[in-house]
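Trainee: I would like to learn how to read the features of a model like this one. Please take them one at a time.

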Amino acid sequence: MSGHSKWATIHRKKGLIDAERGKLFQKLAKEIMVAAKGTDGNIENNAALRMVVEKCRSQNMPKDNIQKAIDKATGAGNTVNFESIRYEGYGPSGIAVMVDCLTDNKNRTAGMVRSSFTKHGGNLGTDGSVSYMFNKKGYIVIEKTIDEDNVMMTALDAGADDVITSDEAFEIHTSPDMFLNVKSSLEELGAIFLSSEVTYIANNDVEVDEETKEKFYKLIDALEDIDDVQEIYHNLSEQ
């Protein structure tokens, strides 16, 4: 089946992550704390926390780090409150960008995000200015170690929306509600996971020249350097 492929984006992101894994784990720990705060920390009883933990596992975050973040969130005396904020804007040549943040200081975060856009040929938009270009989806990438027909049959029977075959991997798209069900079925099949998360995927990609791509990646790098930035979504074609 065919559809939007974001494996090139994940591939690039993983390359950057390898050099800054500690910083990534700090950001993931923040997500865990938000999902676990006010609960007993039981993953099975908290769908939001389970989703975050699945995301952490796909990034090879150690179990000890995950548990420490849960314990910190559920322990007595935890007074840290993070607010979820989304910024929407445009990069060079009008590339759509969404930036999800968790912050304890909105003014600080807004200033840093706005400055990054301005310095790298972009600009912030209003709420809703680009979010309509994206859909929330479950996204799974597995190695091509299993027969294609078997992968497709298993994934689609479990509720997947689409299976994309590339030279390197199988990409499976699901609705957010079916994500865990599809992943569980692929685990039973013996799949080796390269990525698995509920994320935002662009409805359509835009293509730009190499010079514009280079400028855009500098914007992404600047945003990723902001501690409060958790996720960045865009509609640049990286094929």
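The dialogue below goes through two sheets, the helices packed on them and some buried residues.

Trainee: What should be settled before reading any value?

Mentor: This is a predicted model, in which local features need pLDDT of at least 70, side-chain atom pairs count only at pLDDT 80 or more, and totals for chains, interfaces and linings use all residues. Residues are numbered from 1 along each chain as its sequence is written, and side-chain values use heavy atoms, with hydrogens and water left out.

Trainee: In what order do the strands β3, β1, β2 and β8 lie in their sheet?

Mentor: Strands of a sheet pair through backbone hydrogen bonds, either parallel or antiparallel. Helices (H or I, at least four residues) and strands (E, at least two) are DSSP runs, numbered from the N terminus. Two strands pair if DSSP finds at least two bridges between them. Here the order is β3-β1-β2-β8, an open sheet of four strands with antiparallel pairing. Its edge strands, β3 (123–124) and β8, each pair on one side only. Helix α5 (residues 106–119) packs on this sheet and touches β1 (83–90), β2, β3 and β8. The direction of α5 makes about 20 degrees with that of β1; such axes are lines fitted to C-alpha atoms, for helices over the stretch in contact, and angles run from 0 to 180 degrees between N-to-C directions.

Trainee: How many bridges hold β2 and β8?

Mentor: Five bridges, in the antiparallel sense, link β8 to strand β2 (residues 96–103). Cys-101 has Val-229 of β8 as its bridge partner.

Trainee: Is Cys-101 buried or exposed?

Mentor: Buried means under 20% relative accessible area, exposed over 50%, partly exposed in between (1.4 Å probe, protein chains only). Cys-101 has 1% relative accessibility, so it counts as buried. Cys-56 is buried too, at a relative accessible area of 0%. As for disulfides (a pair of cysteine sulfur atoms within 2.5 Å), a search of the whole structure finds zero.

Trainee: Which residues does Gln-230 touch?

Mentor: Contact means heavy atoms within 4.5 Å. Gln-230, in strand β8 (residues 229–234), touches Lys-27, Leu-28, Lys-30, Glu-31, Asp-100, Cys-101 and Leu-102, not counting residues up to four places away in sequence. Gln-230 is buried, with a relative accessible area of 12%. A polar contact is a pair of N or O atoms within 3.5 Å; within protein, one must be able to donate a hydrogen and the other to accept it, and residues adjacent in sequence count only if both atoms are side-chain atoms. The side chain of Gln-230 reaches the backbone oxygen of Lys-27 at 2.8 Å.

Trainee: Why does the length of α2 agree with what is expected of a helix?

Mentor: The expected span is 1.5 Å times one less than the number of residues. Helix α2 (residues 21–36) has 16 residues and should therefore span 22 Å, and its end C-alpha atoms are 22 Å apart. Its buried residues include Lys-27, Leu-28, Lys-30 and Glu-31. After α2 comes Gly-38, with a positive phi near 80 degrees.

Trainee: Where do β5 and β7 stand in the other sheet?

Mentor: That open sheet has four strands in the order β5-β6-β4-β7, paired antiparallel. β5 and β7 (193–202) stand at its edges with a single partner strand each, so one side of each lacks a neighbour in the sheet. From one strand to the next, the twist averages 25 degrees. β5 and β6 are joined by four bridges, and Ile-164 stands opposite Glu-171 in β6. Helix α6 packs on the sheet, touching β4, β5 and β6, with its direction at about 160 degrees to that of β5.

Trainee: Which residues of α6 are buried?

Mentor: In α6 (residues 148–157) they are Val-151, Met-152, Thr-154 and Ala-155. These pack against β4 (134–143), β5 (162–165), β6 (169–174) and α7 (179–189). Ala-155, at 0% relative accessibility, touches Ala-160, Val-163, Ile-172 and Val-182, leaving out residues up to four places away in sequence. At the N-terminal end, Asp-147 caps α6, with a side-chain oxygen 3.1 Å from the backbone nitrogen of Asp-149. Just after the helix, Gly-159 takes a positive phi of about 115 degrees.
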